[in-house]
Amino acid sequence: MTPPADRPRTIDEVLAEARSRLHRLTPEDAEQARGRGAFVVDIRPAAQRDAEGELPFATVIERNVLEWRLDPSSDAALPNASHDLEVVVLCQEGYTSSLAAAALQELGIHRATDVIGGYAAWRALLDDAPSSAGPPTTPPS
């Protein structure tokens with residue numbers, strides 16, 4: 001939805017546009033993606049990870065450097081950065097991650113997406129699932 005030229009867009013409009021380009025994942029879908037090798041990225045700031053805990057399998061890349069770390073043409077790119085990399089971006093509740101995943105898609109990382117409900121939803125799924133592999137999340141500090 002494009003607003004009239006005489007008014008700026010709202011964050012709700014920007015978010016809706018970003019999400020219209022994504023195939024967003026439920027926490028269950030995200031678990032399946034992880035199982036097939038998707039690169040899970042936690043973009044939450046350190047204070048939020050300290051307060052809420054972490055998923056031990058997620059790679060922390062804070063939001064302010066995400067594009068530089070995943071753009072394969074960047075001098076700061078991670079070794080696995082690729083335009084074909086399946087990236088699952090995670091924030092606390094699934095808002096900022098939608099904007100971040102859309103930004104990655106704009107860089108040509110066409111398999112970037114995010115998790116509906118974010119870390120909170122994925123953590124709830126994992127915490128409710130029986131596991132013999134130990135705790136599914138790292139507890140808050």
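**Exercise 1. The buried side of α6**

Task: Find which elements the buried residues of α6 pack against in this predicted model.

Solution.
- Start with the partners. The buried residues of α6 pack against α2 (27-35), β1 (39-42), α3 (46-52) and β3 (87-90).
- Now name the residues. Helix α6 spans residues 118-128, and its buried residues are G118, Y119, W122 and L126.
- Check how they are spread around the axis. They cover an arc of only 85°, which puts them on the same side of α6.
- A general rule helps here. An α-helix has 3.6 residues a turn, so residues three or four places apart point the same way.

**Exercise 2. The two sides of α2**

Task: Sort residues of α2 into buried and exposed, and say what the buried ones pack against.

Solution.
- Take the buried set: P27, A30 and A33.
- Look down the axis of α2. The buried residues fall within an arc of 110°, so they line one face of the helix.
- Turn to the other side of α2. Q32 and G35 are exposed there.
- Add the partners. The buried residues of α2 pack against β3 and α6.
- Step past the end of the helix. G37 follows α2, and its phi is positive, near 105°.

**Exercise 3. How α2 meets α6**

Task: Describe the packing of α2 and α6 by angle, distance and residues.

Solution.
- Begin with the axes. They are 9 Å apart, and the helices pack at an angle of about 80°.
- Classify the angle. Angles of 65 to 115 degrees count as roughly perpendicular, and α2 and α6 are therefore roughly perpendicular to each other.
- List the residues that meet. α2 brings P27, E28, A30, E31 and R34, while α6 brings A121, W122, L125 and L126.
- Sort this contact by class. It has 6 nonpolar residues, no polar ones and 3 charged ones.

**Exercise 4. How α1 meets α5**

Task: Do the same for helix α1 (residues 11-20) and helix α5 (residues 96-106).

Solution.
- The two axes come within 9 Å and cross at roughly 55°.
- That makes α1 and α5 oblique to each other.
- Give the hand of the crossing: left-handed.
- List the residues. I11, V14, L15, A18 and R19 of α1 meet S98, L99 and A102 of α5.
- Sort them. The contact of α1 with α5 has 6 nonpolar, 1 polar and 1 charged residues.

**Exercise 5. Two strand residues**

Task: Place L90 and T113 in their strands, then find how accessible each one is and what each touches.

Solution for L90.
- L90 sits in strand β3.
- Its relative accessibility is 0%, so L90 counts as buried.
- Find V40, 50 residues away along the chain. The C-alpha atoms of L90 and V40 are separated by 7.3 Å.
- Collect the contacts, not counting residues up to four places away in sequence. L90 touches V40, V41, D42, I43, R44, L55, S97, V115, G118, Y119 and W122.
- Tie this back to α6. G118, Y119 and W122 are among the buried residues of that helix.

Solution for T113.
- T113 belongs to strand β4 (residues 112-114).
- T113 has a relative accessible area of 7%, so this residue is buried.
- Leave aside neighbours within four places in sequence. T113 is then in contact with L22, H23, R24, L25, V87, V88, V89 and A101.

**Exercise 6. A loop residue**

Task: Locate F57 and decide whether this residue is buried, partly exposed or exposed.

Solution.
- F57 lies in the loop between α3 and β2 (59-60).
- Its relative accessibility is 25%, so F57 counts as partly exposed.
- Compare with F39. The two are 18 residues apart in sequence, and their C-alpha atoms are 9.0 Å apart in space.
- Skip neighbours within four places in sequence. F57 then contacts E31, R34, V40, W122 and L126.
- E31 and R34 of α2, and W122 and L126 of α6, also take part where those helices meet.

**Exercise 7. The whole chain**

Task: Summarise the protein by its elements, burial and contacts.

Solution.
- Count the elements: 6 helices and 4 strands.
- Read along the sequence. The pattern is α-α-β-α-β-α-β-α-β-α.
- Check burial. Of the 141 residues in the protein, 40% are buried.
- Check the contacts with a separation of 6 or more. Residues 24 or more positions apart account for 65% of them.

Methods. Residues numbered from 1 in each chain as written. Predicted model: local features only at pLDDT ≥ 70, side-chain atom pairs only at ≥ 80, totals over all residues. Heavy atoms only, no water. Buried < 20%, exposed > 50% of the residue type's maximum accessible area, 1.4 Å probe, protein only. Arc of directions from axis to C-beta. Contact = heavy atoms within 4.5 Å. Axes fitted to C-alpha atoms, helices over the stretch in contact; angles between N-to-C directions. Parallel < 35°, antiparallel > 145°, perpendicular 65-115°, else oblique. Left-handed = near helix turned anticlockwise from the far one by under 90°. Nonpolar A, V, L, I, M, F, W, Y, C, P; charged D, E, K, R; others polar.
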